[in-house]
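Notebook open, structure loaded. I wanted to see how the helices and the sheet sit together.

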Amino acid sequence: MNHLGHEPRRSPAGLALVGEGTCRMAALLPLPGLLRELGQDPDRLIGEAGLDLALFQDAENTIPFGAMGRLIVHCAEVTQYPHLGLELGRRSGLETLGLLGKLAAAAPDLGSALRAIILYSHLHDRGAVPLLWERGDQARMGYVIHWPDVLGTHQIYDGVLAILFNILKTLGGPDWQATQVALHPAPNRDLALYRAFFRCPLRMGAQRAAVSFPGTYLTRPLAEADAAAYVRILREIEAMEALRGIGFRKRV
């Protein structure tokens with residue numbers, strides 16, 4: 001069988017240099033364990049989707065967006081668990097972003113952290129983009145898939161929303177709370193599962209999947225803000241960008 005996904009070209013520090021239309025494996029690492037919990041053999045299901053279980057041994061391996069979508073759809077169908085994306089995403093958080101997550105944690109405030117994630121999202125994912133909107137007293141952190149012909153986008157969106165929610169809880173502090181979660185259209189949703197996890201009003205069939213929260217949190221200092229670490233990680237990113245050959249973008 002011709003397995004998709006691969007060990008990517010890496011930086012001197014061993015970090016993935018993510019190619020166009022691919023993403024790091026980090027968010028998918030909990031999948032084999034989840035499949036076992038659902039009574040399935042992960043080696044068999046992952047192999048049936050044209051992938052190798054060995055990919056799940058390293059967060060810095062990469063997977064094409066199309067292959068990721070087919071994998072999640074196949075696993076959801078075989079397990080008869082339509083909320084696989086949500087269940088997978090809720091098991092991950094800031095650590096999923098690797099070096100980018102460390103940069104965000106060291107940022108001076110939540111707004112700076114989220115803008116850094118957006119600016120350098122290509123270090124983790126080159127099939128979609130995160131977005132930050134501010135309107136009135138509300139802020140929204142969302143995610144838009146731009147890579148064409150991806151199956152199971154609602155599963156991917158559900159998973160990403162859960163990860164974003166966990167990231168915002170970690171960075172925003174113990175009193176951070178979402179005001180709304182906008183869900184991308186999907187069939188057969190059990191809203192009780194979503195309400196139990198997000199614990200806020202849900203907006204169904206939204207054009208953009210996003211987590212909304214009070215905009216005042218954007219200027220709050222982060223508990224682990226570290227100016228020296230922030231600069232050091234930015235220098236690591238600069239080195240990665242130079243190796244990729246696309247140049248270093250100025251930080252916000």
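Below are my notes on one helix, its neighbour and the sheet.

Entry 1, the model. I'm working from a predicted model, so I keep that in mind throughout.

Entry 2, helix α7. I checked the length of α7, residues 153–172, first. With 20 residues at 1.5 Å each, α7 should span 28 Å, and I get 27 Å between its end C-alpha atoms, so the two agree. Next I looked at exposure: α7 is mostly covered, with 17 of its 20 residues buried. Just after α7 I found glycine 173, with a positive phi near 100°.

Entry 3, α7 against α8. How do the axes of α7 and α8 cross? I find them coming within 11 Å and crossing at roughly 20°. An angle under 35 degrees counts as roughly parallel, so α7 is roughly parallel to α8. On the α7 side, the contact uses Asp158, Leu161, Ala162, Phe165 and Asn166, and on the α8 side Tyr194, Phe197 and Phe198. I also noted the hand of the α7 and α8 crossing: right-handed.

Entry 4, the sheet. I traced an open sheet of five strands, in the order β3-β4-β7-β5-β6, with mixed pairing. Its edge strands are β3 (128–135) and β6 (202–203), each pairing on one side only. Strand β5 (residues 180–182) runs parallel to β6, and two bridges join them. I looked up valine 181 and its bridge partner in β6 is leucine 202.

Entry 5, a helix on the sheet. Which strands does helix α6 lie across? I see α6 (residues 110–119) across β3, β4 and β7, running at about 150° to β3.

Key. Residues are numbered from 1 along each chain as its sequence is written. This is a predicted model: local features need pLDDT of at least 70, side-chain atom pairs count only at pLDDT 80 or more; totals for chains, interfaces and linings use all residues. Side-chain values use heavy atoms; hydrogens and water are left out. The expected span of a helix is 1.5 Å times one less than its number of residues. Buried means under 20% relative accessible area, exposed over 50%, partly exposed in between (1.4 Å probe, protein chains only). Two strands pair if DSSP finds at least two bridges between them. Contact means heavy atoms within 4.5 Å. Axes are lines fitted to C-alpha atoms, for helices over the stretch in contact, and angles run from 0 to 180 degrees between N-to-C directions. Angles under 35 degrees count as roughly parallel, over 145 as roughly antiparallel, 65 to 115 as roughly perpendicular and the rest as oblique. A crossing is left-handed if the near helix is turned anticlockwise from the far one by less than a right angle, and right-handed if clockwise.
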